[in-house]
Amino acid sequence: MKPISRRRLIAGGVAATAGAVGLSVAARLAQRYGLVPPDHCGVYGPGETLTYASQRLLTRHSLAREFPRSMISTSPFANATPPPNDLFKRHQKSGFLDWKLAVGGMVANPASLSLSDLKTLPVRSQITEIACEEGWSYIAEWIGTPLSEVLKAVGLSPQSRYVAYFSIDKDWWDSIDMADALHPQTLLTWGMNDGDLPVSFGGPLRLRVPRQLGYKSVKYITRLAVTDSLKNLGSGLGSSEPDFGYSWYAGI
């Protein structure tokens, strides 16, 4: 092994210090412009902040790639989960006729919307890829109501910064900032490939966030909460996923 000279050691130390200082400066700038993610603390915090702030500054209005119908995956991978509880099974048995989406928090008109109610709002379909942090992906047509249309209908408070969304599984929830909540491709999805959204893929209702990794697209959505802070939800990290080592912001 080649010995490390004193000059190289000093140069390496200076570079590492500069990198650390750069992260610190970036974190302060992100703080100034309100671009600090809820999981900004800890060893990886500065990196999380830099990633999130950079993405928001550079790609705030960018679109996820959409594909032609010929590229829809013939055998998509569901990463299937069993019906999460007895309440879900009862809904499933009745054909989800009584499934409701509660919308509350910092809105003018809290609402409880059935699947039929959602379908009366503007509908969008898109053929996008869902990519998992575990390495698999597939392309499908997703059909649903843009989240922005629901938020418009209930009347957002000007102070709103995040939308938290909750599964019928009480331990499964996540949140996104307003850039993704109001993005035209973020859908409350109830259809897939010209049919109803299958249960194994999140039916009857899944929030589809195509600009982020798959774990942000939570299945079996029953509630939305509009808020200006995520500190009082769960452990304050913005979702249930950081507790298992995942980042709050999972942009791709």
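**View 1. A salt-bridge network links Arg56, Asp177, Asp180 and Arg211.** The model shown is predicted. Four residues make up this network: Arg56, Asp177, Asp180 and Arg211. Within the network, the side chains of Arg211 and Asp180 meet at 3.0 Å, N to O. Arg211 sits in the loop between β9 (206-208) and β10 (221-227), while Asp180 belongs to helix α6 (residues 178-181), so this salt bridge ties together parts 31 residues apart in sequence. Are the two partners buried or exposed? Arg211 is buried, at 8% relative accessible area. Asp180 is buried too, at 1%.

**View 2. Glu141 and Arg69 form a salt bridge.** The closest N and O atoms of Glu141 and Arg69 are 3.3 Å apart. Glu141 lies in strand β4 (residues 137-146), and Arg69 lies in the loop between α2 (45-59) and α3 (86-93); the pair therefore ties together parts that are 72 residues apart in sequence. The two ends differ in cover. Glu141 has 6% relative accessibility and counts as buried. Arg69 has 46% and counts as partly exposed. Buried means under 20% relative accessible area, so Glu141 at 6% falls in that class.

**View 3. Asp171 and Lys170 pair through their side chains.** This salt bridge spans 3.6 Å, N to O. Both partners are open to the probe by the cut-off used here, exposed being over 50%. Asp171 reaches 53% relative accessibility and counts as exposed. Lys170 reaches 71% and also counts as exposed. Side chains of opposite charge can pair when their charged atoms come close. The structure as a whole holds nine salt bridges.

**View 4. Five strands form an open sheet.** What is the strand order? The order is β2-β1-β10-β5-β6, and the pairing is mixed. The edge strands, β2 (111-114) and β6 (173-177), each pair on one side only. On average, neighbouring strands of this sheet are turned by 20 degrees against each other, direction ignored. Strands of a sheet pair through backbone hydrogen bonds, either parallel or antiparallel.

**View 5. Strand β1 runs parallel to β10.** β1 covers residues 100-105. How many bridges join β1 to β10? Four do. Gly105 stands opposite Val226 in β10.

**View 6. Helix α5 lies across strands of the sheet.** α5 spans residues 147-154. The helix lies across β1, β2, β5 (162-167), β6 and β10. Relative to β10, α5 runs at about 60 degrees. The helix is mostly covered, with six of its eight residues buried. Which residues of α5 are buried? They are Leu147, Ser148, Glu149, Val150, Leu151 and Val154. Gly155, just after α5, takes a positive phi of about 80 degrees.

**View 7. The whole chain has six helices and 10 strands.** The chain contains 252 residues, and 46% of them count as buried. Consider contacts between residues at least 6 apart in sequence: 67% join residues at least 24 apart. The chain exposes about 13200 Å². Carbon and sulfur atoms supply 57% of that exposed area.

Technical notes:
Residues are numbered from 1 along each chain as its sequence is written. This is a predicted model: local features need pLDDT of at least 70, side-chain atom pairs count only at pLDDT 80 or more; totals for chains, interfaces and linings use all residues. Side-chain values use heavy atoms; hydrogens and water are left out. Helices (H or I, at least four residues) and strands (E, at least two) are DSSP runs, numbered from the N terminus. Buried means under 20% relative accessible area, exposed over 50%, partly exposed in between (1.4 Å probe, protein chains only). Contact means heavy atoms within 4.5 Å. Accessible areas come from the Shrake-Rupley method with a 1.4 Å probe; for residues, only the protein chains shown count as cover. Two strands pair if DSSP finds at least two bridges between them. Axes are lines fitted to C-alpha atoms, for helices over the stretch in contact, and angles run from 0 to 180 degrees between N-to-C directions.
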